[in-house]
Structures are given as C-alpha cells and as structure tokens.
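Q: Please take a close look at one helix of this model and at what surrounds it. Start with its length, then work outwards.

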Amino acid sequence: MSLTDKAIVQIRELIRSGALPPGSKLPPEPELAAQLGLSRNLAREAVKALAVARVLEVRRGDGTYVTSLQPSLLLEGLGGAVELLQGDSSALQDLMEVRRLLEPVATALAATRISDEQLAEVERHLNAMRDAQDDVERLNAHDAAFHRAVISATGNETLLTLLESISGRTLRARIWRGLVDTQASGRTLAEHEAIFWALSVRDASLSQAAALLHVSNTELWLRDHLRSGEALPWGVTTGL
C-alpha cells in the first residue's frame with residue numbers, strides 16, 4: 001500500500017467512525033495533515049482521490065466537506081465503467097447475466113411495495129412506449145424510465161443505482177435499435193405489459209417471472225447477435 005493509499009484509509013476511517021459525518025467540514029489542510037501524522041502533500045493527494053470518488057467535495061474558497069455519502073453518489077462511477085466495458089462482447093454478456101440475476105428479484109420486491117402513484121408512473125411510460133414503437137430515441141427514454149420506476153418502487157436506492165449502472169443507457173439504446181430494425185419491438189413491448197400487469201395485481205411471483213422472461217429474451221437476443229459477428233446497431237443516446 002502506497003503512502004497516499006494509507007492516507008486515504010485514514011481519512012475514510014474518520015468518516016466511517018463518525019468523527020467526520022456526512023456534510024461535515026474537514027479541518028484545514030495543515031491541521032488535517034498534523035492530525036493524521038502526514039505531510040501536507042500526502043493529505044492533499046488523499047483528499048483529491050476521495051473527491052474523485054465522491055466521498056469528499058472540495059468547495060473553492062470554503063474548504064472540503066464530506067458528501068452525503070448516498071449510494072447514488074458513491075456508485076456514480078459504476079455507470080461510466082459499464083460504458084467502457086461495452087466494447088468487450090464477453091463483458092457485455094457478463095453484464096446481462098448480472099442483470100438477469102438481480103432485476104427479476106427486484107421486480108418481485110417492487111410488487112410488494114409499489115404504491116398506486118408509482119404504478120401510475122410505470123403505466124405512463126408503458127403507454128409512451130406504445131406510442132413510440134418506431135422511434136428509437138423515445139423508446140429508449142421511456143424504457144429506461146419504465147424500469148427505473150419499477151425498481152424505485154422497492155425503496156432501495158442502492159439496488160436502483162446498481163441496476164441502472166448495469167443496464168447502461170448506451171447498451172439499452174443499441175438493443176432497442178436492433179429490436180426495431182428486426183421488427184421485434186412488439187414482442188418486447190408485450191413483455192413490458194406483462195410486467196406492468198403483474199405489478200398491478202401485486203403478485204410478486206408473477207412479477208418476477210415476467211421480468212425474468214423479459215431480461216432473458218433480451219439476453220438471448222444479445223448473445224445471438226454477438227455470435228453472428230455483427231456489430232451491435234447504434235441507437236440515439238443523446239440526452240437519455
């Protein structure tokens with residue numbers, strides 16, 4: 001472990017122990033360095049690294065603060081890592097496998113917790129998908145929003161952040177482009193309708209089965225496409 005890594009561990013321990021709770025301000029750099037028994041340079045490098053990781057926030061002219069430490073903030077970098085993996089067909093298949101393991105169970109949990117207002121939000125995006133069957137950009141936007149609304153109903157922010165990162169906006173858009181090009185979007189929309197219906201009757205087992213069918217079919221489509229040696233077709237991702 002490098003000296004900088006050790007400095008990072010020391011600061012993280014102050015946060016973990018509650019000595020520096022979320023939202024608190026760190027001591028000035030000289031004081032922090034002295035408190036940790038470090039040089040000012042090491043303390044500065046550790047702060048920079050933790051700021052990149054969204055653990056700390058450096059406010060110019062005001063000092064350095066511990067962030068909210070919310071899962072959506074700390075796991076923010078995962079989505080960027082997933083985007084970088086999408087040039088690797090093996091990694092893509094691994095990501096789809098992880099999604100298949102997590103999303104159906106999360107959908108089942110949503111069925112037990114979803115409110116009428118949350119269900120109406122899911123239905124709104126489903127209706128928008130029906131109205132945009134040949135518009136890849138709109139399909140992709142409402143597809144992402146549909147799944148976000150479903151997983152949000154679990155009330156589990158960590159689960160939501162993980163699944164959104166794994167799905168990946170670019171990958172979702174490229175799959176939708178392929179589904180539209182091969183006229184398979186109708187079947188995929190029907191799968192979304194099945195998920196919505198299962199949620200509407202608050203049936204956890206049925207919701208899990210409907211989500212598993214949807215994710216598995218998407219995974220099979222992706223595997224077949226990758227096996228054919230063709231590049232994934234690009235969809236529109238701007239602003240999604």
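At 1.5 Å a residue, how far should the 17 residues of helix α8 (residues 136-152) span, and how far apart are its end C-alpha atoms?

A: This is a predicted model; local features need pLDDT of at least 70, side-chain atom pairs count only at pLDDT 80 or more, and totals for chains, interfaces and linings use all residues. Residues are numbered from 1 along each chain as its sequence is written, and side-chain values use heavy atoms, with hydrogens and water left out.

Helix α8 should span 24 Å, and its end C-alpha atoms are 24 Å apart, which agrees. The expected span is 1.5 Å times one less than the number of residues. Helices (H or I, at least four residues) and strands (E, at least two) are DSSP runs, numbered from the N terminus. The protein has twelve helices and two strands. Their order from the N terminus on is α-α-α-β-β-α-α-α-α-α-α-α-α-α.

At the N-terminal end of α8, Asp 135 acts as a cap, with a side-chain oxygen 3.1 Å from the backbone nitrogen of Glu 137. That is a polar contact, meaning a pair of N or O atoms within 3.5 Å; within protein, one must be able to donate a hydrogen and the other to accept it, and residues adjacent in sequence count only if both atoms are side-chain atoms.

Next comes burial. Buried means under 20% relative accessible area, exposed over 50%, and partly exposed in between, with a 1.4 Å probe and protein chains only. The buried residues of α8 are Val 136, Leu 139, Asn 140, His 142, Asp 143, Ala 145, Phe 146, His 147, Ala 149, Val 150 and Ile 151. An α-helix has 3.6 residues a turn, so residues three or four places apart point the same way. Over the whole protein of 240 residues, 43% count as buried.

Two of the buried residues of α8, Val 150 and Ile 151, lead to another helix. Both are touched by Thr 107, as are Ile 195, Leu 199, Ser 207 and Ala 211, not counting residues up to four places away in sequence. Contact here means heavy atoms within 4.5 Å. Thr 107 belongs to helix α6 (residues 89-113). This threonine counts as buried because its relative accessibility is 2%. A polar atom of its side chain lies 2.8 Å from the backbone oxygen of Glu 103. Contacts can also be counted for the whole protein: of those between residues at least 6 apart in sequence, 70% join residues at least 24 apart.

The next part along is helix α9 (residues 157-167), in which Leu 159, Leu 160, Thr 161, Leu 163, Ser 165, Ile 166 and Ser 167 are buried. Asn 156 caps the N-terminal end of α9, where one of its side-chain oxygens is 3.2 Å from the backbone nitrogen of Thr 158.

Empty space is the last topic. Rolling a probe the size of a water molecule over the atoms shows where empty space is left. On a 1 Å grid over the protein atoms alone, a cavity is a set of points where a 1.4 Å probe fits but cannot get out, and lining residues have an atom within 4 Å of a point. Grid points are joined across faces, edges and corners, and a volume is the space filled by probe spheres set on the points.

Three cavities of 30 Å³ or more are found in the whole structure. The second largest cavity holds about 60 Å³. Its lining consists of Glu 103, His 147, Arg 148, Ile 151, Leu 160, Leu 163, Glu 164, Ser 167 and Arg 172. At least two lining residues come from each of α8 and α9. Helix α9 provides the largest share, four residues. By class, this lining has three nonpolar, two polar and four charged residues. Ala, Val, Leu, Ile, Met, Phe, Trp, Tyr, Cys and Pro count as nonpolar, Asp, Glu, Lys and Arg as charged, and the others, Gly among them, as polar.

Some residues appear in more than one of these lists. Ile 151 is buried in α8, is touched by Thr 107 and helps to line the second largest cavity. Glu 103 has its backbone oxygen 2.8 Å from a side-chain polar atom of Thr 107 and is also one of the lining residues of that cavity.

Methods: On a 1 Å grid over the protein atoms alone, a cavity is a set of points where a 1.4 Å probe fits but cannot get out, and a pocket is an open set with protein on both sides within 12 Å along at least five of seven lines; lining residues have an atom within 4 Å of a point.
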